[in-house]
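Here is a set of exercises to work through with the model open beside you. Try each task before you read its solution.

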Amino acid sequence: MTETPLIGDLAAPAAGSALSGARIGVVTFPGTLDDRDAARAVRLAGGTAVPLWHAATELGDVDAVVIPGGFSYGDYLRAGAIARFAPLMDKIIDAAKSDAKLPVLGICNGFQILTESHLLPGSMIKNDHLKFLCRDQVLRIENNTTAWTSDYAAGQEITVPLKNQDGQFIADEKTLDALEAEGRVVFRYVGFNPNGSRRDIAGISNAAGNVVGLMPHPEHAVEAGYGPAHTGTDGLGFFTSVLNKLVGGK
Amino acid sequence: MPRIVVDVMPKPEILDPQGKAIVGALPRLGFTSFSAVRQGKRFELTVDGEVTDEILAQARNAAETLLSNPVIEDVVNIEVVEG
């Protein structure tokens, strides 16, 4: 693979990759932080990253969308609450609900935006201990049939960074029971619940499995030597999963 | 100019971590009479001119869609304050 520069044109297709024809949009809102890391993860996985601006009124030619982490609108009002009404979000919501089932991944603030959009149920409130927390977090892949987890084994444990203040996933008991029964709890915290999330839930999906959200950050664990110690690349599977699905139709 | 005041509170069944921290801090300052605290939000929407029924309906709609998240919060009060 050709070298991917830390700073450079991340939207350029990866040379010679069979997956480079798949175009993954990465949305930037005012206050988004992790858009470049998400674009880099797409590229390292072999795909083509397409920068998307929140104020755009058309989604353009993309095959999937990542809503990355950060502090859109400074977390004012509620995390994700203002970003949810960006013009581009209307297009993403329509495309995610359409028959084409656009794959959408929301990471951290992106997950909060997806719950505020009601594409995913529940909500995130302040961590039960009230502190911002940054650590390497072990997750279990509870469902490997979603658009974003098919390259993992069911039950596989991965380690990726976690960093948030409003990370406590909550929903009423009926919603939680339905999520469990329908296999829509996609990721669960292992060993330590870092924020008081109900039933150790780290991430969930919609009923169709094309929309997935989680609080931890797979896009920060895609390159050996930079991610958590043991391999550092546990997050790459999110991006190869969706690329393989788009290219291979699996 | 009149303002429409909207009060939003976390739902009763939702743990309020901020309220819990505050109730823990009160006794340290000698305020020992309070057994629980819940923290909410107050919004003041300024209106240029008279508050008509239509404007009030708009405020109610804004309160339910943007100012609160029905999954975790209730709009507990909407009232018009003159001046």
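**Exercise 1. A helix at the other chain**

Against which elements of chain A do the buried residues of α1(B) pack?

Solution. Keep in mind that this is a predicted model. Start with the helix itself: α1 of chain B covers residues 17–25, and its buried residues are B:P17, B:G19 and B:V23. Next, look down the helix axis: these buried residues fall within an arc of 160°, so they line one face of α1(B). Finally, look across to chain A, where they pack against β5 (123–125) and β8 (168–170).

**Exercise 2. An enclosed helix**

Find out how many of the ten residues of α1(A) are buried, and what surrounds this helix.

Solution. Begin with the count: eight of the ten residues of α1(A), which spans residues 35–44, are buried, so the helix is largely enclosed by the rest of the structure. The buried set consists of A:D35, A:A38, A:A39, A:R40, A:A41, A:V42, A:R43 and A:L44. Now turn to the partners: the buried residues of α1(A) pack against three strands, β1 (23–28), β2 (48–53) and β3 (64–67), and against helix α5 (236–248) of chain A. As a last step, go past the end of the helix to A:G46, which follows α1(A) and has a positive phi, near 110°.

**Exercise 3. Two residues of chain A**

Decide whether A:V104 is buried or exposed, and list what it touches.

Solution. First locate the residue: A:V104 lies in strand β4 of chain A, residues 104–107. A residue is buried when its relative accessible area is under 20%. A:V104 has 0% relative accessibility and therefore counts as buried. Leaving out residues up to four places away in sequence, A:V104 touches A:V65, A:I67, A:I92, A:A96, A:L114, A:W148, A:N210, A:V211 and A:V212. For a distance check, take A:P228, 124 residues from A:V104 along the chain: the two C-alpha atoms are separated by 25 Å.

Now do the same for A:S117: where is it placed, and is it buried or exposed?

Solution. A:S117 sits in the loop between α3 (109–116) and β5 of chain A. Its relative accessibility is 4%, so A:S117 counts as buried. Not counting residues up to four places away in sequence, A:S117 touches A:R84, A:M89 and A:I93. The C-alpha atoms of A:S117 and A:G80 are separated by 8.7 Å, with these positions 37 residues apart along the chain.

**Exercise 4. The two chains as wholes**

Set the radius of gyration of each chain beside the value for a compact globule.

Solution. Take chain A, with 250 residues: a compact globule would have a radius of gyration near 18 Å, and the 16 Å of chain A agrees with that. Then take chain B: a compact globule of 83 residues would have a value near 12 Å, but chain B has 16 Å.

Continue with burial. In chain A, 57% of the 250 residues are buried; in chain B, buried residues make up 30% of the 83.

Add the secondary structure. Chain A has five helices and eleven strands, while chain B has two helices and three strands, in the order β-α-β-α-β from the N terminus.

Finish with charge. In chain A, the mean positions of the 21 positive and 28 negative charges are 2 Å apart. In chain B, the centres of the 8 positive and 13 negative side chains lie 12 Å apart.

Notes:
Residues are numbered from 1 along each chain as its sequence is written. Chains are lettered from A and ligands numbered from 1 in the order in which they are written. This is a predicted model: local features need pLDDT of at least 70, side-chain atom pairs count only at pLDDT 80 or more; totals for chains, interfaces and linings use all residues. Side-chain values use heavy atoms; hydrogens and water are left out. Helices (H or I, at least four residues) and strands (E, at least two) are DSSP runs, numbered from the N terminus. The radius of gyration is taken over C-alpha atoms; the globule rule is 2.2 Å times the number of residues to the power 0.38. Buried means under 20% relative accessible area, exposed over 50%, partly exposed in between (1.4 Å probe, protein chains only). Lys and Arg count as positive and Asp and Glu as negative; His and the chain ends are not counted. The place of a charge is taken as NZ of Lys, CZ of Arg, CG of Asp or CD of Glu. The arc is that of the directions from the helix axis to the C-beta atoms. Contact means heavy atoms within 4.5 Å.
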